[in-house]
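Thanks for coming, everyone. I'd like to walk you through one fold today, starting with the sheet and then moving on to the helices. Have a look at it first.

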Amino acid sequence: MKVFVAGPRAISKLNSNIVSRLKNLIDRNFMVLVGDANGIDKAVQNFFSENNYDKVRVFSSNGKVRNNLGNWNVECVNVPSGVKGFDFYAAKDIEMANHADYGFMIWNGKSRGTFTNIVNLVNQRKDVLIYFTPHKKFYKVSTPEAINQLLKIRDQELTNNPDRASEIKATNEQVSLF
């Protein structure tokens, strides 16, 4: 089984809940697909490197690898010239979603890229385990309805913490569902 693991650049530490799930991937001998960005990608790479786990494949856009802490094989995703910014790095995420059987996303409720990965995986009828960091809880989504429920949970977080509204609201506006 191949598991696409991702999350925002804004989070660079793994808590015990996340580490426990990553240990399960090792115990089950699953192939891990991970990006090369700072933040969660780098933290996940560090975890697997420290555990001498070799079933990891790092994806990068146009072969410009930013992080490969375990010196694993790199999957170079060709991106057409002229593509820049979010779309440049999203190309490798799309490929990871295409290759994965399952997704494990660490989401803070605001990362556009992580949310897009969730949508892409569900659109391919793949299950996604989401660790929602504001609640420190796991949610499993496999349908558009489940994503909408997750967004309601996220929006409830806004109601309870209105000072976070400007940080979080962009997700619905920037990503179209299905």
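So, a warm-up: which residue in E4 stands opposite valine 58? It's another valine, valine 74. Before I go on, keep in mind that this is a predicted model.

That valine pair belongs to the pairing of E3, residues 56–61, with E4, where 5 bridges join the two strands and they run parallel. Now zoom out to the whole sheet. It's an open one with 7 strands, and reading across you get E4-E3-E2-E1-E5-E6-E7, with mixed pairing. At the edges sit E4, residues 73–77, and E7, residues 137–141, and each of those pairs on one side only. Going from one strand to the next, the twist averages 25°.

Let's follow the order across from E1. E1 and E5 pair in the parallel sense over 4 bridges, and there valine 5 is opposite phenylalanine 104 in E5. On to E6: E5 pairs with E6, again in the parallel sense, over 5 bridges. Phenylalanine 104 turns up here too, standing opposite leucine 129 in E6. As for E5 itself, it's mostly covered, with 5 of its 6 residues buried.

Then we reach E7. How do E6 and E7 run? Antiparallel, joined by 5 bridges. Valine 128 is opposite valine 141 in E7. The hairpin they form has 4 residues between the strands, and in it lysine 136 takes a positive phi near 55°.

Okay, helices. With two packed helices, what you want to know is the angle between their axes and the distance between the axes. Take H1 and H2: they pack at about 50°, with axes 11 Å apart. The oblique class takes in angles that are neither under 35 nor over 145 degrees, nor 65 to 115, and H1 and H2 are therefore oblique to each other. H1 passes H2 in a right-handed crossing.

Who's touching whom? From H1 you've got Val19, Leu22, Lys23, Leu25 and Ile26, and they meet Val44, Phe47 and Phe48 in H2. Sort that contact by class and you get 7 nonpolar residues, no polar ones and 1 charged.

Staying with H2, residues 40–50, which of its residues are buried? They're Ile40, Asp41, Ala43, Val44, Gln45, Phe47 and Phe48. Among the elements covering them are E1, H1, E2, E3, H3 and E5. Right after H2 comes asparagine 52, and its phi is positive, near 50°.

Last pair: H3, residues 85–99, and H4. These two pack at an angle of about 35°, and their axes are 10 Å apart. H3 passes H4 in a right-handed crossing. On the H3 side the contact uses Phe86, Asp93, Ile94 and Ala97, and on the H4 side Arg112, Gly113, Thr116, Asn117, Asn120 and Leu121. How do the residues of that contact divide? Into 4 nonpolar, 4 polar and 2 charged.

That's the tour, so let's go to questions.

Terms used. Residues numbered from 1 in each chain as written. Predicted model: local features only at pLDDT ≥ 70, side-chain atom pairs only at ≥ 80, totals over all residues. Heavy atoms only, no water. Pairing = 2+ DSSP bridges. Axes fitted to C-alpha atoms, helices over the stretch in contact; angles between N-to-C directions. Left-handed = near helix turned anticlockwise from the far one by under 90°. Contact = heavy atoms within 4.5 Å. Nonpolar A, V, L, I, M, F, W, Y, C, P; charged D, E, K, R; others polar. Buried < 20%, exposed > 50% of the residue type's maximum accessible area, 1.4 Å probe, protein only.
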